[in-house]
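Hi,

Here is the structure I promised to pass on. Have a look at it first, and then read my notes below.

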There are 2 protein chains.
Amino acid sequence: MDFLLLEKQLKAVADANRLTLLSCLKNGEVCVCDLVDVLGLSQPAVSQQLKKLEESGIITARKVGTWKHYRLVEDQTPVMQAILSQLENKSTCQCTTECE
Amino acid sequence: MDFLLLEKQLKAVADANRLTLLSCLKNGEVCVCDLVDVLGLSQPAVSQQLKKLEESGIITARKVGTWKHYRLVEDQTPVMQAILSQLENKSTCQCTTECE
DNA sequence: TTTATATATAAGAATATACTTATATTATGA
DNA sequence: TCATAATATAAGTATATTCTTATATATAAA
């Protein structure tokens, strides 16, 4: 694991809101609108947080109509595996809208 | 591991200079003056970085005369163990001054 | 087409972070 | 006790981060 990727991923997760987002995604895909409800921030703020996690290779997304479903990347680094295993599984923020 | 400690430790390590400091400490105790040489920053800057790592429970120190020797805390969290194991062992920055 | 909905991007402001230089503290040794 | 050395703290500045509101984009549905 290279140093720059390690630093980038650590910066991405070193934030309470983004750790909460990851907790929500432990159970599977969640769409942005549900994550907005969980964090209680504006929609653009959540979108920006998700972008940061995506750009560091921790999460990925697929579009379903106008929705966008984010999920954890399957292949996580050892450090990310350790971090994710410490997060509680927030199944409450499961995708509520009917998903394809 | 509680969420707040996790966030605090992640914030502490999410920085290239502080990751480098941890690399230096993997081999054992190092005094501040040697760490200053490694980072190439001012002495106060390094002192502040060390403080941040100490306050999050990752490193600790002992005084030896006017020197202060920092080292990794023995009992690391699983997340910190994973992070530390990814860092290269920078033995170059071993304490050069004769230590007690 | 037009309208509505979900999400992303842009711009700007508030706050946090990480340096710098100057100074304080503490221990040693002359 | 005075001077020196190692480290810490304080204050200020530059930069980065993280929100907000406004606007753009893309899809779906009327």
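Let me start with a small puzzle: which residue does Thr60(A) stand opposite in S3(A)? The partner is Arg71(A). Before you go further, keep in mind that this is a predicted model.

**The strands of chain A**

That pair sits where S2(A), residues 59–64, runs alongside S3(A). The two strands are antiparallel and are joined by 6 bridges. They make a hairpin with 2 residues between the strands, and Gly65(A) in the turn has a positive phi of about 65°. S3(A), residues 67–72, also pairs with S1(A), residues 30–31. Here 2 bridges do the joining, and the strands again run antiparallel. If you want a residue to click on, try Val30(A), whose bridge partner in S3(A) is Tyr70(A).

**The sheet in chain B**

Over in chain B, 3 strands form an open, antiparallel sheet, in the order S1-S3-S2. S1(B) (30–31) and S2(B) (59–64) are the edge strands, each with a single partner, so one side of each has no neighbour in the sheet. Between S2(B) and S3(B) there are 6 bridges, in the antiparallel sense. Ala61(B) is a good place to look, since Tyr70(B) in S3(B) stands opposite. Now turn to helix H2 of chain B, residues 16–25: this helix lies across S1, S2 and S3 of chain B, and runs at about 90° to S3(B).

**How the two chains meet**

Chain A and chain B each put 15 residues into their contact. On the chain A side, the elements that give two or more residues are H1 (3–13), H2 (16–25) and H5 (78–86). H1(A) gives the most, with 6 residues. Sorted by class, the chain A side has 12 nonpolar residues, 1 polar and 2 charged.

How do the copies relate to each other? A turn of 180° with a shift of 0.0 Å along the axis lays chain A on chain B, with an RMSD of 0.0 Å. That is the relation of a two-fold axis. Also, 100% of the interface residues of chain A are interface residues in chain B too, so the copies meet through the same surface.

The H5 helices are worth zooming in on. Two packed helices are described by the angle between their axes and the distance between the axes. For H5(A) and H5(B), the axes come within 9 Å and cross at roughly 175°. The two helices are therefore roughly antiparallel to each other. On one side you will find Pro78(A), Val79(A), Ala82(A), Ile83(A) and Gln86(A); they meet Pro78(B), Val79(B), Ala82(B), Ile83(B) and Gln86(B). By class, that contact has 8 nonpolar and 2 polar residues, and no charged ones.

**Around the DNA**

Last stop: DNA strand D. Which of the 23 residues around DNA strand D come nearest? They are Ser42(A) and Pro44(A) from chain A, with Cys33(B), Pro44(B) and Ser47(B) from chain B. The elements giving two or more residues to this surface are H4 (43–55) of chain A, plus H3 (32–39), H4 (43–55) and S3 (67–72) of chain B. H4(B) supplies the largest share, with 6 residues. The surface near DNA strand D divides into 9 nonpolar, 10 polar and 4 charged residues.

That's the tour, and it's all yours now.

Cheers

How values were computed: Residues numbered from 1 in each chain as written. Chains lettered and ligands numbered in written order. Predicted model: local features only at pLDDT ≥ 70, side-chain atom pairs only at ≥ 80, totals over all residues. Contact = placed C-beta atoms within 7 Å. Helix = DSSP H or I, 4+ residues; strand = E, 2+ residues; numbered from the N terminus. Nonpolar A, V, L, I, M, F, W, Y, C, P; charged D, E, K, R; others polar. Near = placed C-beta within 6 Å. Pairing = 2+ DSSP bridges. Axes fitted to C-alpha atoms, helices over the stretch in contact; angles between N-to-C directions. Parallel < 35°, antiparallel > 145°, perpendicular 65-115°, else oblique. Least-squares fit on C-alpha atoms with pLDDT ≥ 70 in both.
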